[in-house]
Amino acid sequence: MNKTTRALAEEADLRSRLDHLTLSRKEGFGRLAEAPRRNRPEHLSCRQLKIMNKEALAEYNRGRRKWHANLGPLGTTQMKALHEDLWDIFDSNDQDGDKVKGGIALDAFPGLGKTTAVLSFAKKVHRRIIQEEGKYTDEGNERWPVCRVGLTSNTGMRDFNRSILEYYGHPGRFRGTAAEFGYRALDSVLSAETKLLIVDDLHFLKWRDKNGIEVSNHFKYIANEFPVTLLMIGVGLEKRGLFSEGSSYEDAVLAQTGRRTTQLNMEPFAISSEKGRTDWRDALLAIEERVVLAEKYPGMIADDLSDYLFARSTGHIGSLMTLINRGCQRAVRTGVERLDKDLLDEVKNDAASERARQELKQALDSGRLVSQPKKAA
């Protein structure tokens, strides 16, 4: 083995071992889906923290860092509604092999928890099928109910199929034509009896260039030949033409994909109605219950920070959870042990939320917007 071949082999081996820790390989997804519930650190008072020795305090704070970095997912109204729709479509696709299975396109703006919600659903699918049918198929193969792949702007049909083979760790993933990779991908899906194929970051694909049409055609092939529910996640998919009609060949190809695809979305929290304000408060109460800070008190988040957090997050769950996570890390590290406006003002959030912050703040301060429901107020 020459140096070049050895280097490539070592790189492939390293990538394979690292991928076991990510969702690009079945082992990584398996760890996520089958992981036991995370243990919440014990809630200790400031007095208890002061009498702990240095080593014990460091270990306790280490546990809280990990806990606060993984507070979600929250069972928000948006996530529950999405999961109900996903179960409707997924279960209705349990048809015989001669029937085309309907696909799903989750099309929503960034920061609304699309991927988090889909992974939460995928974990439920994995656990349900493994519980009902076992970890091994009748042929003795490992059963992997879910496959997840991600796209980039340069993804073509060959790359897409290779990503599927990478997920399963197929030995034929390194060499082959697009067609050969496609047959191997189908074989992997059939052998593992996969039922849900998740394609993330679909917006990275340039739909109207050669690669986009190739992959769109391949989605049609998957719907016809693969016994899976295809779940696509992206931003602005409708504007990119996934559901478009038209007279050109390219439009017709994309429209056919759209005809077989159910479009779902997720919305940010809105406080223009009593129901919206109630949903917002329920989310804050759920977060407050999970936070582990010595100086936490009832209403610290859901009452005292309701307006503030809505202005800072603009109602986007991703921005909200980022702000809470970073605020908790600072509260633990600095010994403040609570969340308040003074501490959170020092915490940076994503650029999109910060740009919209002042306008929302003015509306809330003036009373033109109210974030709390009447019964809470």
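This briefing walks through the fold, the salt bridges, one helix packing and a few local features of the structure above.

The model is a predicted one, so please read every value below as computed from it. The protein chain has 15 helices and five strands, and buried residues make up 46% of its 377 residues. Among contacts between residues at least 6 apart in sequence, 71% join residues at least 24 apart. The structure holds 14 salt bridges and zero disulfides.

**Salt bridge between Glu 133 and Arg 143, and its network**

- Glu 133 and Arg 143 form a salt bridge, with their closest N and O atoms 3.6 Å apart.
- This pair links distant parts of the chain: Glu 133 belongs to helix H6 (residues 114-133), while Arg 143 sits in the loop between H6 and strand E2 (146-150), and the two are 10 residues apart.
- The partners differ in their surroundings, with Glu 133 partly exposed at 42% relative accessibility and Arg 143 buried, with a relative accessible area of 6%.
- Glu 193 joins in as well, since Glu 133, Arg 143 and Glu 193 are linked in a network of salt bridges.
- Glu 193 lies in the loop between H8 and strand E3 (196-200), and counts as partly exposed at 21% relative accessibility.
- The backbone of Glu 193 also deserves a look: its phi is positive, about 50°, although Glu 193 is not a glycine.

**Two further salt bridges**

- Arg 277 pairs with Glu 274 in a salt bridge whose closest N and O atoms are 3.1 Å apart.
- Both residues are in helix H11 (residues 274-290), and because they are three residues apart, about one helical turn separates Arg 277 from Glu 274.
- As general background, an α-helix has 3.6 residues a turn, so residues three or four places apart point the same way.
- Within this pair, Arg 277 is buried, with a relative accessible area of 14%, and Glu 274 is partly exposed at 29% relative accessibility.
- Arg 338 and Glu 295 bring their side chains together in a salt bridge at 3.7 Å, N to O.
- Here the partners come from distant parts of the chain, 43 residues apart: Arg 338 is in the loop between helix H13 (317-334) and helix H14 (341-345), and Glu 295 is in the loop between H11 and helix H12 (306-313).
- Arg 338 is partly exposed at 29% relative accessibility, and Glu 295 is partly exposed at 31%.

**Helix packing**

- The axes of H12 and helix H15 (residues 351-366) come within 6 Å and cross at roughly 145°.
- On the H12 side, the contact is made by Asp 307, Tyr 308, Phe 310, Ala 311, Arg 312 and Ser 313.
- On the H15 side, Ser 353, Glu 354, Arg 357, Leu 360, Lys 361 and Leu 364 take part.
- By class, this contact of H12 with H15 has five nonpolar, two polar and five charged residues.
- Elsewhere, helix H2 (residues 26-34) has Lys 26, Gly 28, Phe 29, Gly 30 and Ala 33 buried.
- The buried residues of H2 pack against H6, E2 and H7.

**The setting of His 170**

- His 170 is placed in the loop between helix H7 (157-168) and helix H8 (178-192).
- His 170 is buried, with a relative accessible area of 18%.
- A polar atom of the His 170 side chain lies 2.8 Å from the backbone nitrogen of Gly 172.
- Leaving aside neighbours within four places in sequence, His 170 is in contact with Leu 165, Arg 184 and Ser 188.

**Backbone features and cysteines**

- Gly 72 and Pro 73 are joined by a cis peptide bond, with omega about -5°.
- Pro 73 is found in the loop between helix H4 (54-68) and helix H5 (77-92).
- Asp 201 has a positive phi of about 60° although it is not a glycine.
- Asp 201 lies in the loop between E3 and helix H9 (210-225), and is partly exposed at 25% relative accessibility.
- With zero disulfides in the structure, you may still wish to locate two cysteines: Cys 46 is partly exposed at 24% relative accessibility, whereas Cys 147 is buried, with a relative accessible area of 1%.

How values were computed
Residues numbered from 1 in each chain as written. Predicted model: local features only at pLDDT ≥ 70, side-chain atom pairs only at ≥ 80, totals over all residues. Heavy atoms only, no water. Salt bridge = Lys/Arg side-chain N within 4 Å of Asp/Glu carboxyl O. Helix = DSSP H or I, 4+ residues; strand = E, 2+ residues; numbered from the N terminus. Buried < 20%, exposed > 50% of the residue type's maximum accessible area, 1.4 Å probe, protein only. Axes fitted to C-alpha atoms, helices over the stretch in contact; angles between N-to-C directions. Contact = heavy atoms within 4.5 Å. Nonpolar A, V, L, I, M, F, W, Y, C, P; charged D, E, K, R; others polar. Disulfide = S-S within 2.5 Å. Polar contact = N/O pair within 3.5 Å; in protein donor to acceptor, adjacent residues only side chain to side chain.
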